[in-house]
Amino acid sequence: MTNESRPTVYDVVIVGAGPSGAVAAKRLAQEGMSVVCLEQGSYPDYTKLRHSGLEFELTKQQYFAANPNRRKAPADYPINVSDSDIEPLMWNGVGGSSILYAAAWHRLKPSDFRVRTVDGIADDWPLNYAELEPFYARVENDFAVSGVGGDPAYPPGFDIPLPPFPLGAMERKFATAHDRLGWHWWPGSNSIATVKHNGLLPCVRRGACVWGCFDGAKASVDRTHWPTCIKLGVKLVQNARVLRVETGSDGLAAGVTYVDRVTGRTHFQPGRIVIVSANGLGTPRLLLNSSSNDHPNGLANSSGLVGKRLMMHPYGTVNGLFDDFFENWQGPYGQRAYSLEFAETRKETNFYRGAKWQLMGMGGPLASVGAWPWGSNSDVWGESFHATVRKRFGRSAYWGIMAEDLPSEDNMVSLDPAVTDAEGMPAVKITYKASQNTMDLLDFNLARAAESMKEAGAYEVSGTPLMRETGWHILGTVRMGNDPRTSVVDSYGRSHDVSNLFIMDGSVMPTSGAVNPTGTVTALALRNSEAIIKNRRLQPVSSTAEALKVGL
Amino acid sequence: MTYNIDDFQTRIAWVADTLIPSDPKSGMPSATEAGVPDRLLPRALKERDDLAPSFFRALLRLPETGPKDPMDAIRALGADDFHSIAFLIAGAYFLDEAINRKLRYPGQEALHETPDYDELMETIERVQSRGQVYLDVPDSPGPV
């Protein structure tokens, strides 16, 4: 039941103001379509950042903590992780998780689109690298990607629009080490401006990227996209918890029902097209909660795959201690370098696919006695304290090992009927177990990364094989494909069941690749938006929304 | 419930020095020598007022004066309470400018540097010379 009588009918209703929602809103509004975006949170309050003083390390995990179950901000919703090896991380507000992402930027490789063809496992995508490439290039400009082009880990044509960061002592250690090993290595590519670009200021390498950028250099879409969207006339409704996507008697999406979290009032927002961009948890949550007599298992779920095939890029670290003192606490954080040497299936291994390695800074003195990336920090206190700080601070580096996660229907997102959020919407439960392939893949890559550390001069190397609070990338839960029996949306994000419902976020990815997915997710959103524009005259729309539009 | 830090000073002193004792070899002061109980911890608790209740609740589970094996007593609190105490004590300790000077930590600075493109190009050319690092795949869509 709603309590608003005559809402405006928009051409497009978007759920979620994160990267994909922002990309779609901007492009569709540029073509004159009326767009409203409903966002469960609000703009981030950057005045809470204390990144320029010594309070930085103490305060960074307060308002900008990545784990919603710890942060417990008003816009967050409970996530039951009792049956999961990994905890999901996200930001619920304008900008979505681009507020907290490290901004390491990649494309998928050609083989990532063809895992079934190449490896005989998992699935091929319903599009290939060449089809997505022009959209990669466009979003890379919009997201101010900096770095060095010409990486031989990609086909020719991956040109980076903005100049790179300088090489530091840490990067040089690994560049020369990988020369000796004959392994791939490349300066970090990040969606962090190094020159003034698209509303961003040049990065000053503060090293606080994942706790809200203090200096306005990281490409979070509250800065890169939403100002333009607002100028183009997009209506952004903050603090709007969308409960359901509603369908009319014709089976098409008519709009969404949401609760204004400030007033507590429930509203119906009609629209001719509905786009859900609520991330790999929020999107299946919304679709499953939109069940009705016509679709008792959730909206767009005739395949039964909504919520299934959750992938989260299992993550380990390899940490090295060095004799010499070097600057390891500044940014970008972000990745200062990466290796894709072991990112695809190799003949000599006992597992499929591979991992990306990213060379990361270590943080300040407080981080040197913390659990990240060292694993346990229980033995650093008392008589060990000063020796630990002396060994680690300014004398350490780590490789973050990001494993390709293969899809399994046993790993899933479901509604948790026992728990609701503050607006009464069912919470989500994650069931996720890292596979044997993942564990073998991590073991191999941790061993190789330990070799890299030693070759770079580390006198002591330690590793953490599978870290729990690392679910930055929530993928696969509304997979795309050409066959409605085995996929939820088509290659343009359109629901097979509801032809004016689109999904645009990481949930559509059939396989995960081994790299940070924002480049791929936003390139897909741009490609899908262009398809909506091209097909707008032929787009079926709900008679319910049309009737509201003409005042019936 | 509100807590007054003055009521906890005796506990804080032994707990803080148990976690961070002095290290004469490196010239690093203990937590109390650095001013954690009276000067730095109040600042830390003001910055992290969200953590203050759990910090004081954990302290209340410890004896007023240091027991025979103080580290064992703090560890016996369990991981969550141990973390509540250790994080704020260490966080307070590293608020001190003199300690950070000793460690050569200037804080997270704003750096304005220009890349050395000659060095960058020489570095990446060595990687490029090793050849392609991706698999060639059939270009046409496979079964989906």
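1. For the lining counts below, Ala, Val, Leu, Ile, Met, Phe, Trp, Tyr, Cys and Pro are taken as nonpolar, Asp, Glu, Lys and Arg as charged, and the others, Gly among them, as polar. By that scheme, the second largest pocket is lined by eight nonpolar, six polar and six charged residues. The model under discussion is a predicted one.

2. The volume of the second largest pocket comes to about 370 Å³. Its lining consists of 20 residues, and those closest to the pocket centre are Ser42(A), Tyr63(A), Ala73(A), Pro74(A) and Trp91(A).

3. Enclosed space was searched for over the whole structure, and seven cavities of 30 Å³ or more were found. The largest cavity has a volume of about 90 Å³. Among the 13 residues lining the largest cavity, Cys203(A), Arg206(A), Cys209(A), Cys213(A) and Asp215(A) are the closest to its centre. By class, the lining of the largest cavity holds eight nonpolar, one polar and four charged residues.

4. For the second largest cavity the volume is about 70 Å³. Residues that line the second largest cavity include Pro164(A), Phe165(A), Pro166(A) and Leu167(A), together with Pro187(A), Gly188(A) and Asn190(A). Glu171(A), Pro332(A), Gln335(A) and Arg336(A) also belong to that lining. The lining of the second largest cavity divides into six nonpolar, three polar and two charged residues.

5. In chain A, three strands make up an open sheet with the order S3-S14-S13 and mixed pairing. Strand S3 (79-84) and strand S13 (412-420) of chain A are the edge strands, each with a single partner strand, so one side of each has no neighbour in the sheet. From one strand to the next, the twist averages 30°.

6. Within the three-stranded sheet, S3(A) and strand S14 (residues 426-432) of chain A run parallel and are joined by four bridges. Ile79(A) is placed opposite Val428(A) in S14(A). Helix H9 (residues 279-289) of chain A packs on this sheet and touches S3, S13 and S14 of chain A. The direction of H9 makes about 65° with that of S13(A).

7. A further open sheet in chain A has six strands in the order S4-S10-S11-S12-S9-S15, with antiparallel pairing. Here strand S4 (186-187) and strand S15 (460-464) of chain A stand at the edges; each has a single partner strand, so one side of each is left without a neighbour in the sheet.

8. Which strand does S9(A) join through five bridges? Strand S9 (residues 315-321) of chain A is joined in this way to S15(A), and the two run antiparallel. Leu321(A) has Glu460(A) in S15(A) as its bridge partner.

9. In chain B, helix H1 (residues 9-19) packs with helix H3 (residues 36-47) at an angle of about 90°, and their axes are 11 Å apart. Because angles of 65 to 115 degrees count as roughly perpendicular, H1(B) is described as roughly perpendicular to H3(B).

10. The contact between these two helices involves Gln9(B), Ile12(B), Ala13(B) and Ala16(B) in H1(B). On the H3(B) side, the residues met are Val36(B), Pro37(B), Asp38(B) and Leu41(B). By class, the contact of H1(B) with H3(B) has six nonpolar, one polar and one charged residues.

Definitions and conventions. Residues numbered from 1 in each chain as written. Chains lettered and ligands numbered in written order. Predicted model: local features only at pLDDT ≥ 70, side-chain atom pairs only at ≥ 80, totals over all residues. Heavy atoms only, no water. Axes fitted to C-alpha atoms, helices over the stretch in contact; angles between N-to-C directions. Parallel < 35°, antiparallel > 145°, perpendicular 65-115°, else oblique. Contact = heavy atoms within 4.5 Å. 1 Å grid on protein atoms, 1.4 Å probe; cavity = no way out; pocket = protein on both sides within 12 Å on 5 of 7 lines; lining within 4 Å. Points joined across faces, edges and corners; volume = space filled by probe spheres on them. Pairing = 2+ DSSP bridges.
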